[in-house]
There are 2 protein chains.
Amino acid sequence: VKLESQIEFLAIVDKLKSVNRATKPIGLSRQENSAEHSWHVMLTALVLKEYANEQIDILKVLKMLALHDIPEIECGDTMHYKKINSEERKLEETAAATKLFSELPKEQADEFLSLWKEFEDQTSPESKFANAVDRLMAFILNPRNEGGSWMEFNISAEMAQAKNSHIEDGSKEIWEYVRRIIDGAREKGFLA
Amino acid sequence: VKLESQIEFLAIVDKLKSVNRATKPIGLSRQENSAEHSWHVMLTALVLKEYANEQIDILKVLKMLALHDIPEIECGDTMHYKKINSEERKLEETAAATKLFSELPKEQADEFLSLWKEFEDQTSPESKFANAVDRLMAFILNPRNEGGSWMEFNISAEMAQAKNSHIEDGSKEIWEYVRRIIDGAREKGFLA
């Protein structure tokens, strides 16, 4: 029965494969979904872990990233530049996380909810690094898609800089890289 | 330059989002891709790690699963039931893994190639468990898709049993679960 409730959870979260994001995979006309994004960002965390500002537990980072988008199954994805940190949205997402994780045995549900909240809070070293790599992904995809979602939503270099500066809290080196990408994208007209 | 070569690797492996598998996400008419599958199987390993037969390093399992399908970018996915363990296919996949990982700094390329080979060899406790959860995925998706790829490719219960019995090497409990699913699927006509 325990194993079956865990499998049921895994079947429910399969729906993350239907949640679309603003970005597109490189060279494809379709939008990226949050499940394939989650794999990509987990691999990115593994590859770039040496650039974390602080000592991090990479297993904890991977757990957070495996879970970070699951509430979108109930709430949908909101593009980073359109996010309003409203109390209402936060409550909705917390309710969704609580509901979805509650399919799991209590101990596991508690662990996952706690990891998800830690990711959202962006205060622990692991959370800061996980959020930094999560924000990095658009800077890998969009420059290789002629500006991609930046062009589509008319994002300026100033917005890109302002809305992503917390990357620096997780990794100074990744933030320096992102700033170079922003400068290059502005020159190419990919960022207004 | 080091960071840039790592980012270039992460851009190249974005192509995994275009590699289609035989299975479909639950309720969708499109095929699943190997990137979203990789996220799903990594989350499954995290949720079910307590069922591993042997003591496992779950971080190593997650690393293997993040990488396990990457050679498909060059070789494509082969459905499990159509796999011939030919020396030729093995050489092709090893060449693809070597080529793709060689975008990374040497030390990381060596680590990733070694992890990929360990996954393929199915001899270490981590590899046995990682392969068990990888094989479990079709038993989560297909019963919820009216038989899914089993129906499409006319797979029998005997084939399902024979071609997946190595799940038992990674987890006796997951194998028992899979056997119950096979029995149920036969009764429903999802497996011939």
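## Exercises: where chain A meets chain B

In this predicted model, the area buried between chain A and chain B is about 4,400 Å², and carbon and sulfur atoms give 68% of that area.

**Exercise 1.** Find which three residues supply the most of the area that chain A buries against chain B.

*Solution.* Start with the whole contact: 50 residues of chain A touch 50 residues of chain B. Then look for the top contributors on chain A. A:Leu10, A:Lys17 and A:Trp39 together supply 17% of the area that chain A buries here, more than any other three residues.

**Exercise 2.** Work out how many salt bridges cross the interface, and describe one of them.

*Solution.* To count, look for a side-chain nitrogen of Lys or Arg within 4 Å of a carboxyl oxygen of Asp or Glu. Between chain A and chain B this rule finds eight salt bridges. Now check one of them: A:Arg144 and B:Glu8 pair up through their side chains, with 3.1 Å from N to O. Polar contacts come next, and there are 32 residue pairs of this kind across the interface.

**Exercise 3.** Say which element gives the most residues to the side of chain A that touches chain B, and sort that side by class.

*Solution.* The elements giving two or more residues include α1 (2-12), α2 (34-48) and α11 (172-188) of chain A. Of the elements, α2(A) gives the most, with eleven residues. By class, this side of chain A holds 30 nonpolar, seven polar and 13 charged residues.

**Exercise 4.** Explain how the two chains are related.

*Solution.* Superpose chain A on chain B: this takes a rotation of 180° with 0.0 Å of shift along the axis, and the RMSD is 0.0 Å. That is the relation of a two-fold axis. Finally, compare the surfaces: 100% of the interface residues of chain A are interface residues in chain B too, so the copies meet through the same surface.

Note on methods:
Residues are numbered from 1 along each chain as its sequence is written. Chains are lettered from A and ligands numbered from 1 in the order in which they are written. This is a predicted model: local features need pLDDT of at least 70, side-chain atom pairs count only at pLDDT 80 or more; totals for chains, interfaces and linings use all residues. Side-chain values use heavy atoms; hydrogens and water are left out. Contact means heavy atoms within 4.5 Å. Buried area is the accessible area (1.4 Å probe) that two parts lose on being put together, summed over both. A polar contact is a pair of N or O atoms within 3.5 Å; within protein, one must be able to donate a hydrogen and the other to accept it, and residues adjacent in sequence count only if both atoms are side-chain atoms. Helices (H or I, at least four residues) and strands (E, at least two) are DSSP runs, numbered from the N terminus. Ala, Val, Leu, Ile, Met, Phe, Trp, Tyr, Cys and Pro count as nonpolar, Asp, Glu, Lys and Arg as charged, and the others, Gly among them, as polar. Copies are superposed by least squares on the C-alpha atoms of residues with pLDDT of at least 70 in both.
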